[in-house]
Amino acid sequence: MNRVIEYIIDSASDGLRVEQYLRRRGYSAQNLAEIKRMPQSILVNNIHYYMRQPLTEGDHLMVRICETKSSEKIPPVKLSLNIVYEDEDLIVINKPAGMPIHPSLNHYTNSMANALAWYYHEQGKPFIFRCCNRLDRDTSGLTVVAKHLVSANILSDMVRRHKIHREYLAITRGLVTPKSGTIDAPLGRRPGTIIERTVDFEHGETAITHYRVVDEKNGHSLVSLCLETGRTHQIRIHMKYLGFPLIGDYLYNPDMEHITRQALHSHRLIFAHPITGESLEFHAPLPQDMQSVLEINK
């Protein structure tokens, strides 16, 4: 992936070394080390600069990213992709339920990564898969993929610092009460399994979920959930802990009468663009299998 990122040095940055300026823009030490190895990667006023050279107010700084390698263990496969947004730094995808994010032993050629590898292959571009907010295989909705090492680092840091606002929609059987609230219950591994998680107040990691009921139909509740933390299976376990587990959840509530996957959808993402700082907001409508649960004629 080739990307040229340009900056005009302001008065507050006058006198900073190139490396200092870029660190303040969110570049990691590893980013800078990799960029240094790329040819003619730092230009100031069209002159090659080293990372330790100082900048002056008004300078035109260009960072030239040139990545030539591709992810070796992700074969390109022609699969449908619902791309909601794309620019030079990131892609936002509305992932269908049933599609895993990464290839695995039993899903080596049907993942979102395989589909993206094909998408890049068709454009003749190298592809390194850098997904920033992973979803479970059977969770549908919005996910963000970085297109180069700098946007990947900045977006990952935003996830760690909870700077990406994530809203999910879920369906439970019964009328959720209270209608809104915060679930603050630490999560840890369930003994005897490497997959399942459980509420564990003694050894678990902090997990906080804010929820509110959006609609009630046909004996089911449509619930909006916003994550303050991002633990594995957090929403699924927290709603079960509240007493209203998601329908269709084979691990935590195998209620498969109306849907055969956990009724969970990544509905909205809000975050600042990793390079420009522009505020971005994306929505993905409720998928048909979840919508059908609310439209059942009893």
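1. A residue is called buried when its relative accessible area is under 20%, exposed when that area is over 50%, and partly exposed in between. These terms are applied here to a predicted model. By this rule F201, at 56% relative accessibility, counts as exposed, whereas Y241, with a relative accessible area of 46%, is partly exposed.

2. As an overview, the protein has 6 helices and 15 strands, and its C-alpha trace spans about 70 × 40 × 40 Å along its principal axes. Of its 298 residues, 49% count as buried. If one takes the contacts between residues at least 6 apart in sequence, 66% of them join residues that are at least 24 apart.

3. Helix α4 can be checked for its length, since a helix is expected to span 1.5 Å times one less than its number of residues. For the 12 residues of α4, residues 149–160, this gives an expected 16 Å, and the end C-alpha atoms are 17 Å apart, which agrees. Just after this helix, H162 takes a positive phi of about 60°.

4. Which residues of α4 are buried? They are L149, V150, S151, A152, N153, I154, L155 and M158. The partners against which the buried residues of α4 pack are the helix α2 (29–36) together with β4 (60–66), β6 (90–95), β7 (140–146) and β14 (264–272).

5. Helix α2, one of these partners of α4, is also the place of L32, a residue that counts as buried because its relative accessibility is 7% and the limit is 20%. Apart from its neighbours within four places in sequence, L32 is in contact with E19, L22, R23, Y27 and M51. By contrast with these contacts, I296 is 264 residues away from L32 in sequence, and the two are 55 Å apart in space, C-alpha to C-alpha.

6. The aromatic rings deserve a point of their own, and the count comes to 7 aromatic pairs. Y119 and Y120 form one that is edge-to-face, with 6.2 Å centre to centre and 75° between the planes. Within this pair, Y119 is partly exposed, with a relative accessible area of 26%, while Y120 is buried, with a relative accessible area of 5%. A pair between F201 and Y241 is tilted, with 6.2 Å centre to centre and 55° between the planes. Because F201 lies in the loop between β11 (197–199) and β12 (208–217), and Y241 in helix α5 (residues 234–242), this pair ties together parts that are 40 residues apart in sequence. Ring pairs also link Y119, Y120, F127 and F129 into a cluster.

7. Helix α5, which holds Y241, has its own set of buried residues, namely Q234, I235, R236, I237, H238 and M239. Just after α5, G243 takes a positive phi of about 105°.

8. The last point concerns open space, and the largest pocket has a volume of about 950 Å³. Of the 34 residues that line this pocket, those closest to its centre are R134, L135, D136, T232 and H233. Which elements give two or more residues to the lining of the largest pocket? They are α4, β8 (165–173) and α5, so two helices discussed above return here. The residues of the lining divide into 13 nonpolar, 12 polar and 9 charged.

Terms used:
Residues numbered from 1 in each chain as written. Predicted model: local features only at pLDDT ≥ 70, side-chain atom pairs only at ≥ 80, totals over all residues. Heavy atoms only, no water. Helix = DSSP H or I, 4+ residues; strand = E, 2+ residues; numbered from the N terminus. Buried < 20%, exposed > 50% of the residue type's maximum accessible area, 1.4 Å probe, protein only. Contact = heavy atoms within 4.5 Å. Phe/Tyr/Trp six-rings, centres within 6.5 Å; stacked < 30°, edge-to-face > 60°. 1 Å grid on protein atoms, 1.4 Å probe; cavity = no way out; pocket = protein on both sides within 12 Å on 5 of 7 lines; lining within 4 Å. Points joined across faces, edges and corners; volume = space filled by probe spheres on them. Nonpolar A, V, L, I, M, F, W, Y, C, P; charged D, E, K, R; others polar.
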